[in-house]
Amino acid sequence: MINLLLSTAFAFTTVYAPMTTQLETSVVHHFINKDFHSKKKDLGVINWADCEKMGHRQCAMMRGYWYLQVIEFKGENTYQINIFLYDETSKIVAEAIIEKRYKIEKIPQKTIIKGTEVQGGTIAPTKTEIEKPPILLKKKPEVTDQDISQAVIRLLTRIKK
């Protein structure tokens, strides 16, 4: 109720941004701190809209709020985070994407066998190397704080209203 009064009194555009995951919380944190990059300077962010048994986006639309949505995709070779900003009519006004690829790390396998050999009355050390195919590890890509910050700046500078 207070947010509704504030938004009408100061003509703010209220952005509803649910924070149910750590990723969403991180994006919202950057969204709030980077709003000076926005073409639309009257954004006010809330994270609770009091809509039971209703989806976040439907709730925001019903109340006339804008909506910040964070979607995470985990594919076989890529990891992607999509950030969308919808207006009060549920139209996308800005979007930003973070895409990272999985990295294949090769761990070489070498076995060195040391021994001695007698040749012509002398003892000489020998070394035999046995190489096996490398072990391949698939490393999940890291989405850094800097990646999220840059994506939010792109989102805010692309607002079409």
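Over the ring of which residue does the charged end of R57 sit? In this predicted model, the ring is that of Y86, and the charged end of R57 lies 4.0 Å from its centre. A second charge of this kind belongs to K140. Its charged end sits over the ring of Y79, 5.0 Å from the ring centre.

Y86 also takes part in ring pairing. A pair of aromatic rings is described by the distance of the centres and the angle of the planes. The structure holds three aromatic pairs. One of them joins Y16 and Y67. Their centres are 6.1 Å apart and their planes meet at 35°, a tilted arrangement. This pair links distant parts of the chain. Y16 belongs to strand 1 (residues 13-16) and Y67 to strand 3 (residues 66-74), with the two positions 51 residues apart in numbering. Both Y16 and Y67 are buried. F84 and Y86 form another tilted pair, at 6.2 Å centre to centre and 40° between the planes. F84 is buried, as is Y86. Ring pairs join Y16, Y67, F84 and Y86 into a cluster. The charged end of R57 is thus placed over a ring of this cluster, that of Y86.

Salt bridges were searched for across the whole structure, and two were found. Side chains of opposite charge can pair when their charged atoms come close. In one salt bridge, D147 pairs with K100, with 2.9 Å between the closest N and O atoms. D147 lies in helix 4 (residues 145-157) and K100 in strand 5 (residues 92-101), so the bridge connects a helix and a strand across 47 residues of sequence. D147 counts as buried because its relative accessible area, 18%, falls under 20%. K100, at 23%, is partly exposed.

The other salt bridge is formed by the side chains of E105 and K139, at 3.6 Å from N to O. E105 is in strand 6 (residues 103-119) and K139 is in strand 7 (residues 122-139), so the pair ties together parts 34 residues apart in sequence. Both partners are partly exposed: E105 has a relative accessible area of 33%, and K139 one of 42%.

Helix 4 is also touched by a histidine. H30 lies in helix 2 (residues 22-33). H30 is buried, at 7% relative accessible area. Its side chain makes a polar contact of 2.7 Å with the side chain of D145. Beyond its neighbours within four places in sequence, H30 is in contact with D145, I148, S149 and V152. These residues fall within the range of helix 4 (residues 145-157).

Terms used
Residues numbered from 1 in each chain as written. Predicted model: local features only at pLDDT ≥ 70, side-chain atom pairs only at ≥ 80, totals over all residues. Heavy atoms only, no water. Phe/Tyr/Trp six-rings, centres within 6.5 Å; stacked < 30°, edge-to-face > 60°. Helix = DSSP H or I, 4+ residues; strand = E, 2+ residues; numbered from the N terminus. Buried < 20%, exposed > 50% of the residue type's maximum accessible area, 1.4 Å probe, protein only. Lys NZ or Arg CZ within 6 Å of the ring centre and 35° of its normal. Polar contact = N/O pair within 3.5 Å; in protein donor to acceptor, adjacent residues only side chain to side chain. Contact = heavy atoms within 4.5 Å. Salt bridge = Lys/Arg side-chain N within 4 Å of Asp/Glu carboxyl O.
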